[in-house]
Amino acid sequence: MSEDEEDFLTAAQIELYGKFGAPPSDMELERFFFLDDGDRKLVAKRRDDATRLGFALQLTTVRFLGTFLANPIDVPVAVMEYVAAQLGIEDASVAKAYLRRDKTRLEHRWEIQHVDGWHDFADFREALKLHVDRRSWTTGDGRNTIFDCAVEWLRNRQVLLPAVSTLERLVGEVVTAVDKRLFDTLLGLITAEQARLLLKLLDVPEGERVSPLERLRTGQKDTTAKALVAALLRVAAVAGIGLGEVDLSVVPLRRVIELSRYGREATATTLRDKTYARKLGILLTTVVWLEAKSTDDALELFDVIMTNELLARAERQSAAEKVKRYPRVSKDASKLAAAVAVMLEAEQESRVPQIRWLASPREGGLSWGNVGWAGGGACH
């Protein structure tokens with residue numbers, strides 16, 4: 001959420017722009033510095049090892065960095081050895097001889113640019129400005145991040161990097177214009193009265209220690225009826241500003257979220273120091289967020305209070321009901337206990353009578369015999 005800036009690049013970004021920050025990884029060596037058959041044919045046109053190695057280094061380095069080095073052999077040792085090995089050059093130090101003729105190096109650059117399909121920055125300047133404009137408008141990323149993305153955008157399209165100051169100025173100008181358009185758009189969504197009410201949120205009333213904005217940003221922590229009243233008053237205060245009908249859909253959602261987050265965290269003093277349009281844009285998105293947040297907080301608090309109260313009442317009623325039913329329950333329990341006792345006693349003697357058929361030898365047939373009990377001894 002910084003204000004407009006002219007020079008924004010860090011010292012590290014300037015130092016590493018179009019240069020090797022560290023030796024390429026093995027994967028990067030294979031991707032950018034491997035010489036295919038077409039590359040080898042180009043290199044083979046050179047007369048000696050120094051020229052062939054120097055040409056190959058320029059050919060591969062521009063693919064990795066997006067620009068030609070002022071000193072073509074100022075590359076990491078790993079790069080020098082990897083390229084030299086592919087050309088069968090055992091002594092890579094011969095590359096020093098490549099620096100003797102500036103004209104040769106420049107001619108090689110022009111040839112590589114033409115054959116390998118590299119474009120001049122001037123031809124893509126307007127396209128890059130459009131890309132930066134869209135990215136800044138949509139994401140709200142900082143200038144440094146957008147600068148790095150612009151470098152990547154140029155490399156991916158094989159556009160030679162311009163001077164670092166040129167690209168820094170382009171990104172800075174476009175992002176500044178986008179920020180102005182953003183806050184002018186937000187300012188156009190509110191009336192003069194709404195703007196006045198928003199600005200009053202930053203003024204600390206006499207006898208108070210904090211601004212109204214700070215009070216509105218702070219929700220209730222207690223779960224009491226008093227806290228619920230305060231939460232409802234907060235809802236009313238936010239709604240009283242009258243932003244319920246403001247349509248923020250004309251601004252990317254990510255920008256709205258970013259601005260409202262900043263408005264929830266920044267102090268009133270910090271916000272007061274912002275420019276008029278920026279200050280109102282931040283307050284607008286913050287209050288719109290507070291409308292939803294304060295309502296949600298009040299409903300949640302109401303739900304907690306009601307739930308706790310209903311549960312407590314239900315428990316009290318349950319306890320009272322148990323007390324009322326206890327005499328009847330005790331009487332029924334006594335009857336049940338007596339019945340269970342009878343059942344247990346009967347279980348001890350629960351042997352079902354069983355009729356046994358006996359053959360009477362004297363009568364030569366079947367007759368009723370004695371009655372035995374199941375579980376007794378064998379029949380005799």
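Visitor: Which residues of helix 12 are buried?

Guide: Welcome! Bear in mind that you are looking at a predicted model. A residue counts as buried when its relative accessible area is under 20%. In helix 12, the residues that pass this test are Ala-227, Leu-228, Ala-231, Arg-234 and Val-238.

Visitor: Why are they on the same side of helix 12?

Guide: Picture looking along the axis and noting where each of these buried residues points. They cover an arc of only 115° around the axis, which places them on the same side of helix 12. On the other side, Ala-225, Lys-226 and Leu-233 are exposed. So the value that settles your question is the arc of only 115°.

Visitor: How far apart are the end C-alpha atoms of helix 12?

Guide: Let's start with what we should expect. Helix 12 runs over residues 225–239, which makes 15 residues, and at 1.5 Å a residue it should span 21 Å. The model agrees, because its end C-alpha atoms are apart by 21 Å.

Visitor: Is Ser-294 buried or exposed?

Guide: Ser-294 sits in helix 15, which covers residues 276–348. Its relative accessibility is 1%, and the cut-off for burial is under 20%. Ser-294 therefore counts as buried.

Visitor: Which residues is Ser-294 in contact with, leaving aside its neighbours within four places in sequence?

Guide: Within helix 15, where Ser-294 lies, there is a polar partner to mention: the backbone oxygen of Glu-291 is 3.3 Å from a polar atom of the Ser-294 side chain. Your question sets such sequence neighbours aside. Two of the residues you are after, Arg-234 and Val-238, are among the buried residues of helix 12. The full list of contacts is Arg-234, Val-235 and Val-238.

Visitor: Which helix gives the most residues to the largest nonpolar core?

Guide: This core has 50 residues, and Leu-128, Leu-167, Val-171 and Leu-198 have the most contacts inside it. Several elements give two or more residues to this core, including helix 7 (125–139), helix 9 (164–187) and helix 15. The one that gives the most, with 9 residues, is helix 9.

Visitor: How many residues are in the second, separate core?

Guide: This core includes Phe-32, Ala-56, Phe-64 and Ala-84. It is separate from the core described above, and its size is 30 residues.

Visitor: What percentage of the residues in the protein is buried?

Guide: Let's step back to the whole protein, with its 15 helices and 2 strands. It exposes about 23,500 Å², and carbon and sulfur atoms supply 55% of that area. Of the 380 residues, the buried ones make up 36%.

Terms used
Residues are numbered from 1 along each chain as its sequence is written. This is a predicted model: local features need pLDDT of at least 70, side-chain atom pairs count only at pLDDT 80 or more; totals for chains, interfaces and linings use all residues. Side-chain values use heavy atoms; hydrogens and water are left out. Helices (H or I, at least four residues) and strands (E, at least two) are DSSP runs, numbered from the N terminus. Buried means under 20% relative accessible area, exposed over 50%, partly exposed in between (1.4 Å probe, protein chains only). Accessible areas come from the Shrake-Rupley method with a 1.4 Å probe; for residues, only the protein chains shown count as cover. The expected span of a helix is 1.5 Å times one less than its number of residues. The arc is that of the directions from the helix axis to the C-beta atoms. A polar contact is a pair of N or O atoms within 3.5 Å; within protein, one must be able to donate a hydrogen and the other to accept it, and residues adjacent in sequence count only if both atoms are side-chain atoms. Contact means heavy atoms within 4.5 Å. A nonpolar core is a set of buried Ala, Val, Leu, Ile, Met, Phe, Trp, Tyr and Cys residues joined through side-chain atoms within 4.5 Å.
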